[in-house]
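I opened the model and kept notes as I went. Each entry records what I looked up and what I found.

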Amino acid sequence: MKYLVLVLLAVLAALVPDIVQAQQDSVTAITVTTNDDGTQEYSVTLQILFIMTALSFIPAMVIMMTSFTRIIVVLAILRQAIGLQSSPSNQILIGIALFLTFFIMTPVLNTINEEALQPYMAEEITPLEALERARAPVKAFMLSQTRVTDLETFLDIAGYLDVESPEDVPMSVLIPAFITSELKTAFQIGFMIFIPFLIIDLTVASVLMAMGMMMLSPMLVSLPFKLMLFVLVDGWSLVMRTLAGSFGL
């Protein structure tokens, strides 16, 4: 968890440079003003309010800047393809996605630990240098998973026409391009997962229609067969392996 803190601070520093400047200037959180009659008034600086507001976006940053998005979308499509509406529950799917995210992001977190966290804890570098070092592996991971077409689309929208290499792309452009690429990849994987279950549904519906059992729901009859197929082929292992392999592991 302490590795993720550095990742989040690195992204926060890239997106909101005012926060870093506020830390450099040692902003006072609470200002005390003494009136002429001896009473005191307390006020919170705008910088602190801005920082506290930015902290509320940390969960979104964790979700959108890691492998979490692709994983949770694929798992949700898998549950829909099988025909189970509430099993596994949302809490279980999110838990699986979180731990698989930690597994996939381990190389990035190890790099942050070695190059940013440990030198900072040893007081060998300043906090700003640690943030810069922590941001580099996160940006490299996002660039490796972002399609060039998506990157070019957001560069054109933002008006960045003088970017010479992907490494020069600002985080404000890279993040939406990364999210778009993740959603596209997740839907491609979900489509491939959906096909065998769709074939079973069509087969069962055709058999029921031929038998004249039109009042019986095909979904109800096909569900045991889909569950049996998924278990026989070791579906969970295949899905996890596919997700991990899609990130180059």
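The entries below run from the whole chain down to single residues.

**Entry 1: the model and its confidence**

I note at the start that this is a predicted model. I looked up the confidence before anything else. The mean pLDDT of the chain is 77. I found that 78% of the residues reach 70 or more. Which helix has the lowest confidence, and which the highest? Helix 2 (residues 17-24) is lowest, at a mean of 43. Helix 5 (residues 68-82) is highest, at 90. I then checked the weak stretch: pLDDT is below 50 over residues 9-27. Beyond near neighbours in sequence, that stretch still has 32 contacts in the model. I leave those contacts alone, because predicted coordinates should not be read in detail where pLDDT is low.

**Entry 2: the chain as a whole**

I counted elements next. The chain has 12 helices and two strands. Where do the strands fall in the order along the sequence? The pattern reads α-α-β-β-α-α-α-α-α-α-α-α-α-α, with the β elements after the opening α-α.

I looked up burial and surface. The chain has 249 residues, and 35% of them count as buried. It exposes about 14700 Å². Carbon and sulfur atoms supply 66% of that area. For contacts I took residues at least 6 apart in sequence. Of these contacts, 68% join residues at least 24 apart.

**Entry 3: helix 7**

I went to helix 7 (residues 106-121) to look at its axis. There is a kink of about 45°. Where is the kink centred? It is centred on Asn113. I listed the buried residues of this helix: Val108, Leu109, Ile112, Asn113, Ala116, Leu117 and Pro119. Asn113 is thus both the centre of the kink and a buried residue. Just after the helix, Glu123 takes a positive phi of about 60°.

**Entry 4: salt bridges**

How many salt bridges does the structure hold? I found three. I took them one by one.

Arg70 and Glu182 meet through their side chains at 2.4 Å, N to O. This pair links distant parts of the chain, 112 residues apart. Arg70 is in helix 5 and Glu182 in helix 10 (residues 171-210). Both Arg70 and Glu182 are buried.

Arg135 pairs with Glu132, with the closest N and O atoms 2.7 Å apart. Both lie in helix 8 (residues 127-145), three residues apart, about one turn of the helix. Residues three or four places apart in an α-helix point the same way, because there are 3.6 residues a turn. Are Arg135 and Glu132 buried or partly exposed? Arg135 has a relative accessible area of 22%, so it counts as partly exposed. Glu132, at 44%, is partly exposed as well.

Lys226 and Asp201 meet at 3.2 Å, N to O. They are 25 residues apart, and again the pair links distant parts of the chain. Lys226 is in helix 11 and Asp201 in helix 10. Both are buried.

**Entry 5: two loop residues**

I looked up Gly83, in the loop between helix 5 and helix 6 (90-104). What does Gly83 contact, leaving aside neighbours within four places in sequence? The contacts are Met219, Leu223 and Lys226. Lys226 is also the salt-bridge partner of Asp201. The C-alpha atoms of Gly83 and Leu223 are separated by 6.5 Å, though the two are 140 residues apart along the chain.

Ser67 is in the loop between helix 4 (58-64) and helix 5. Its relative accessible area is 0%, so I record Ser67 as buried. Beyond neighbours within four places, Ser67 contacts Thr101, Ile104, Met105, Phe141, Glu182 and Phe247. Glu182 is also the partner of Arg70 in a salt bridge.

**Entry 6: the nonpolar patch**

I ended at the surface. Which residues make the nonpolar patch? I found Phe225, Met228, Leu229, Leu232, Val233 and Leu238, over about 560 Å². The largest share, four residues, comes from helix 11 (residues 218-232). Phe225 is found in helix 11. With a relative accessible area of 44%, Phe225 is partly exposed. Its sequence neighbour Lys226 is buried.

Terms used: Residues numbered from 1 in each chain as written. Predicted model: local features only at pLDDT ≥ 70, side-chain atom pairs only at ≥ 80, totals over all residues. Heavy atoms only, no water. Patch = residues over 30% accessible without salt bridge, like charges linked within 9 Å, V, L, I, M, F, W, Y side chains within 5 Å. Areas by Shrake-Rupley, 256 points an atom, 1.4 Å probe, with all protein chains shown as cover. Salt bridge = Lys/Arg side-chain N within 4 Å of Asp/Glu carboxyl O. Buried < 20%, exposed > 50% of the residue type's maximum accessible area, 1.4 Å probe, protein only. Contact = heavy atoms within 4.5 Å. pLDDT = per-residue confidence, 0-100. Bend = angle between axes of the 7 residues up to and from the residue.
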